[in-house]
Amino acid sequence: MRPSASSRRDFLKTAAFTAGAGIPIADIVASVFEDADDDGADFLLAADRVVLFQGDSITDAGREKEKQEPNAGRSLGNGYVSLAAAQLLAMQPRANWQCYNRGISGNKVYQLAERWEADCMDLQPHVLSILIGVNDFWHKLNGNYDGTPEIYERDYRALLDRTKAALPGVRLILCEPFAVEGGTAINETWHPEFDAYQAAAKRIADDYKAQWVPYQKLFDAALKKAPASYWCPDGVHPAPPGNYLMAEAWLKAFKKASR
């Protein structure tokens, strides 16, 4: 099927906008982190580290669930996890690092908890990255869930308490749930309630001394360079450029967490 005239115009408009202005990804990423220092050399030199990515569909990104082995393309999915893991593994090819993706589309915090033994504890991660929260709000809009920001925060804290008790040395990277304005799924019903979920996630990251990946701030900055249709068409699930942007921000947070 040939694209419509409007589709071609939208594509050309986006291409012209991004090509003419340029998209300095490193500058966008640097602009949302307060501390520019990302030296994690000592941690990066260590061998046999396990890095676990957890979350919902943004993390899942179409990974093959029957493929549970680390570092495999089909196991890592087609999103930011695959891009971040590829760079991470390339930095220390002899160190025997293992990167796992255990994101599952549609998950909310309580569903992470239900599968936490097999999909976290048993893997004994040295670094645990979690991106969760958009479904805890979004699924309320279609009547499939009746949670609140308070339930989200309570369940998230309980999950991390359980994790820290079993894995006291684990390094945490907590990622901000985001909604990209201009995406087709984002409308006035998202605010201000979704903001409360984001604020809860930030409080948790601060209280648990986790590295914070400010994805909302990142996409807000990116929107100054190109529209939502370029980064994240529905406002929730990133396109390839959005996944690349997320991976670069995640790696910066990882290096900070690795000091």
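How many of the residues of helix α12 (residues 215–222) are buried? I began my reading of this predicted model with that helix, and I found it mostly covered, with 6 of its 8 residues buried.

**Entry 1: helix α12 and Gln216**

I listed the buried residues of α12 by name, and they are Tyr215, Gln216, Leu218, Phe219, Ala221 and Ala222. I then stayed with Gln216, which has its place in this helix, and noted that Gln216 counts as buried because its relative accessibility is 11%, where the cut-off for buried is under 20%. Leaving out residues up to four places away in sequence, I found that Gln216 touches Glu176, Pro177, Phe178, Ala179 and Gln198.

**Entry 2: the chain as a whole**

I next looked up the overall content, and the chain holds 14 helices and 5 strands. Of its 259 residues, 51% count as buried. I also checked how the contacts are spread along the sequence: among those with a separation of 6 or more, 80% are between residues 24 or more positions apart.

**Entry 3: the sheet**

In what order do the strands of the open sheet lie? I read the order as β2-β1-β3-β4-β5, with 5 strands in the sheet and parallel pairing. At the edges are β2 (98–101) and β5 (211–213), each of which pairs on one side only. From one strand to the next, the twist averages 15 degrees.

I followed β4 in more detail, since it has a partner that I could trace on either side. Strand β3 (residues 127–131) pairs with strand β4 (residues 171–175) in the parallel sense, over 5 bridges. Within this pairing I noted that Leu128 stands opposite Leu172 in β4, and that Ile130 stands opposite Leu174 in β4. Toward β5, the strand β4 is joined by 3 bridges, and these two strands also run parallel; here the bridge partner of Ile173 is Gln211 in β5. I recorded β4 as mostly covered, with 4 of its 5 residues buried.

**Entry 4: helix α14, between the sheet and α6**

Which strands does helix α14 (residues 240–257) touch as it packs on the sheet? I found contacts with β1 (50–55), β3, β4 and β5, and the direction of α14 makes about 170 degrees with that of β5.

The helix α14 also packs with helix α6 (residues 80–91), at an angle of about 45 degrees and with the axes 8 Å apart. At that angle α6 and α14 are therefore oblique to each other, and I noted that α6 passes α14 in a right-handed crossing. On the α6 side the contact is made by Tyr80, Leu83, Ala84, Gln87, Leu88 and Met91, and on the α14 side by Asn243, Tyr244, Met246, Ala247, Glu248, Trp250, Leu251, Phe254 and Lys255. Sorted by class, the contact of α6 with α14 has 11 nonpolar, 2 polar and 2 charged residues.

**Entry 5: helix α11 and two of its partners**

I then turned to helix α11 (residues 193–207), starting with helix α9 (residues 134–141), and found that the two pack at an angle of about 160 degrees with their axes 9 Å apart. The two helices are therefore roughly antiparallel to each other, a term that applies to angles over 145 degrees, and their crossing is right-handed. From α9, I listed Val134, Asp136, Phe137 and Lys140, which meet Glu193, Phe194 and Tyr197 in α11. The residues of this contact divide into 4 nonpolar, no polar and 3 charged.

How do the axes of helix α10 (residues 149–166) and α11 cross? They come within 9 Å and cross at roughly 25 degrees, which makes α10 roughly parallel to α11; this crossing, too, I entered as right-handed. The α10 residues in the contact are Pro149, Tyr152, Glu153, Tyr156, Arg157 and Leu160, and those of α11 are Glu193, Ala196, Tyr197, Ala200, Ala201, Arg203, Ile204 and Asp207. I counted the contact of α10 with α11 by class as 9 nonpolar, no polar and 5 charged residues.

Going back over the two lists, I marked Glu193 and Tyr197 of α11, which appear in the contact with α9 and again in the contact with α10.

Conventions: Residues numbered from 1 in each chain as written. Predicted model: local features only at pLDDT ≥ 70, side-chain atom pairs only at ≥ 80, totals over all residues. Heavy atoms only, no water. Pairing = 2+ DSSP bridges. Axes fitted to C-alpha atoms, helices over the stretch in contact; angles between N-to-C directions. Contact = heavy atoms within 4.5 Å. Parallel < 35°, antiparallel > 145°, perpendicular 65-115°, else oblique. Left-handed = near helix turned anticlockwise from the far one by under 90°. Nonpolar A, V, L, I, M, F, W, Y, C, P; charged D, E, K, R; others polar. Buried < 20%, exposed > 50% of the residue type's maximum accessible area, 1.4 Å probe, protein only.
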